[in-house]
Amino acid sequence: MLRTSSFLLVLALGALPARASDMTFLVDTGTEMPMARFTGWKLSGGIHYDVGHALAKAMGRNAKFMTLPRQRMVSALEKGTADVICGYVPQWLSGQFDWSQPLIPTVEVLLTSVAVERPRKLSDVSGQVIGTVLGYKYPELERVLGDGFLRDDGPTTEASLRKLAVGRMRHAVTSEYIYHYRMKQRDLPLAVHEPLLVKRYVTQCAVSPKGSVTVGEVNAGIAHLARNGAVTEIVAKYR
């Protein structure tokens with residue numbers, strides 16, 4: 001009788017679904033809402049958090065998040081310490097990675113104080129200081145402005161927007177997500193012209209060649225999210 005019960009227990013355990021494997025998403029600690037919310041050093045909300053969970057679920061995995069300063073991200077991803085970082089394009093992140101299919105649409109914009117005339121095109125701000133984020137790349141501004149791209153690097157986008165708000169600079173570059181979020185929160189007295197388009201991107205995921213997932217698996221997950229409109233729904237929550 002004991003042997004029979006043990007045998008039945010083994011059969012029952014074998015019938016249980018296998019525990020989903022984890023996959024680790026890397027997030028820059030300098031990222032701000034609505035892209036990322038941090039509680040201490042732990043990611044606790046925002047677009048990266050929601051998209052990470054949705055993508056992992058579509059891949060049959062559990063999402064874990066690792067937060068690191070920007071200057072340490074490339075090394076962690078190349079070594080396989082983390083599996084994936086999403087919300088980038090190859091022009092923004094140099095390293096030996098596999099790049100996924102497009103995932104999150106992003107619009108980069110230039111904000112200009114109402115204290116000065118609104119530029120009609122990017123070349124109008126050549127030779128004028130623009131608020132930027134330390135370590136971030138702005139390939140479109142570099143291409144259009146060349147030597148006339150004068151950066152004022154701050155630690156975060158919020159730091160640049162605060163300088164813009166108090167009149168310490170005329171221009172700042174940011175994403176449309178951050179601009180809309182700040183205007184909705186009304187926690188920063190931004191008096192700016194209608195944003196000037198810098199460039200539209202559809203950002204991708206950089207996949208570690210030494211991680212626990214392949215770019216093929218990530219692409220399959222992205223295809224699933226595209227079919228059910230999950231990313232569009234997530235982004236709409238933060239507008």
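**Aromatic pairs, cavities and packing in a predicted model**

Phe-97 counts as buried, because its relative accessibility of 11% falls under 20%. In this predicted model, Phe-97 forms an aromatic pair with Trp-99. The geometry is edge-to-face. The ring centres lie 6.3 Å apart, and the planes meet at 70°. Trp-99 is partly exposed, with a relative accessible area of 22%.

The whole structure holds five aromatic pairs. Another of them joins Trp-92 and Tyr-201. Here the centres are 4.8 Å apart and the planes stand at 65°, so this pair is also edge-to-face. Trp-92 belongs to the loop between strand E5 (84–88) and strand E6 (98–99), whereas Tyr-201 belongs to strand E11 (residues 196–207). The pair therefore ties together parts that are 109 residues apart in sequence. Both Trp-92 and Tyr-201 are buried. Elsewhere, one aromatic cluster is formed by Phe-25, Tyr-49 and Phe-65. Tyr-136 has a charged partner: the charged end of Arg-70 sits over its ring, 4.3 Å from the centre.

Trp-92 and Tyr-136 recur in the lining of a cavity. Two cavities of 30 Å³ or more are found in the whole structure. The largest contains about 450 Å³ of space. Its lining comprises 22 residues. Nearest its centre are Gly-87, Trp-92, Thr-106, Tyr-136 and Ser-175. Four elements give two or more residues to this lining: E5, strand E7 (104–112), strand E10 (171–175) and helix H6 (176–185).

Helix H6 also has a buried side. Its buried residues are Tyr-177, Ile-178, Tyr-179, Tyr-181 and Arg-182. They pack against three strands and three helices, namely strand E2 (37–39), E7 and E10, and H2, helix H5 (157–165) and helix H8 (230–237). Just after H6, Arg-186 adopts a positive phi of about 55°.

Strand E11 contains Leu-196. This residue is buried, with a relative accessible area of 9%. Beyond its neighbours within four places in sequence, Leu-196 contacts two stretches of chain. One comprises Glu-108, Val-109 and Leu-110. The other comprises Arg-118, Pro-119, Arg-120, Lys-121 and Leu-122. Val-213 lies 17 residues from Leu-196 along the chain, and the C-alpha atoms of the two are separated by 38 Å.

At the level of the protein, there are eight helices and eleven strands. The C-alpha atoms fill a box of roughly 90 × 35 × 35 Å along the principal axes. Of the 239 residues, 45% are buried. Among contacts with a separation of 6 or more, 69% are between residues 24 or more positions apart.

Confidence varies along the model. The mean pLDDT is 90, and 92% of residues reach 70 or more. Among the elements, helix H2 (residues 47–58) has the highest mean pLDDT, at 98. Helix H1 (residues 2–15) has the lowest, at 42. Over residues 1–18 the pLDDT is below 50. This stretch has zero contacts in the model beyond near neighbours in sequence.

Note on methods: Residues are numbered from 1 along each chain as its sequence is written. This is a predicted model: local features need pLDDT of at least 70, side-chain atom pairs count only at pLDDT 80 or more; totals for chains, interfaces and linings use all residues. Side-chain values use heavy atoms; hydrogens and water are left out. pLDDT is the predictor's confidence in each residue, from 0 to 100. Contact means heavy atoms within 4.5 Å. Rings of Phe, Tyr and Trp (its six-membered ring) pair if their centres lie within 6.5 Å; planes under 30 degrees apart count as stacked, over 60 as edge-to-face and the rest as tilted. Buried means under 20% relative accessible area, exposed over 50%, partly exposed in between (1.4 Å probe, protein chains only). A charge sits over a ring if NZ of Lys or CZ of Arg is within 6 Å of the ring centre and within 35 degrees of the ring normal. On a 1 Å grid over the protein atoms alone, a cavity is a set of points where a 1.4 Å probe fits but cannot get out, and a pocket is an open set with protein on both sides within 12 Å along at least five of seven lines; lining residues have an atom within 4 Å of a point. Grid points are joined across faces, edges and corners, and a volume is the space filled by probe spheres set on the points.
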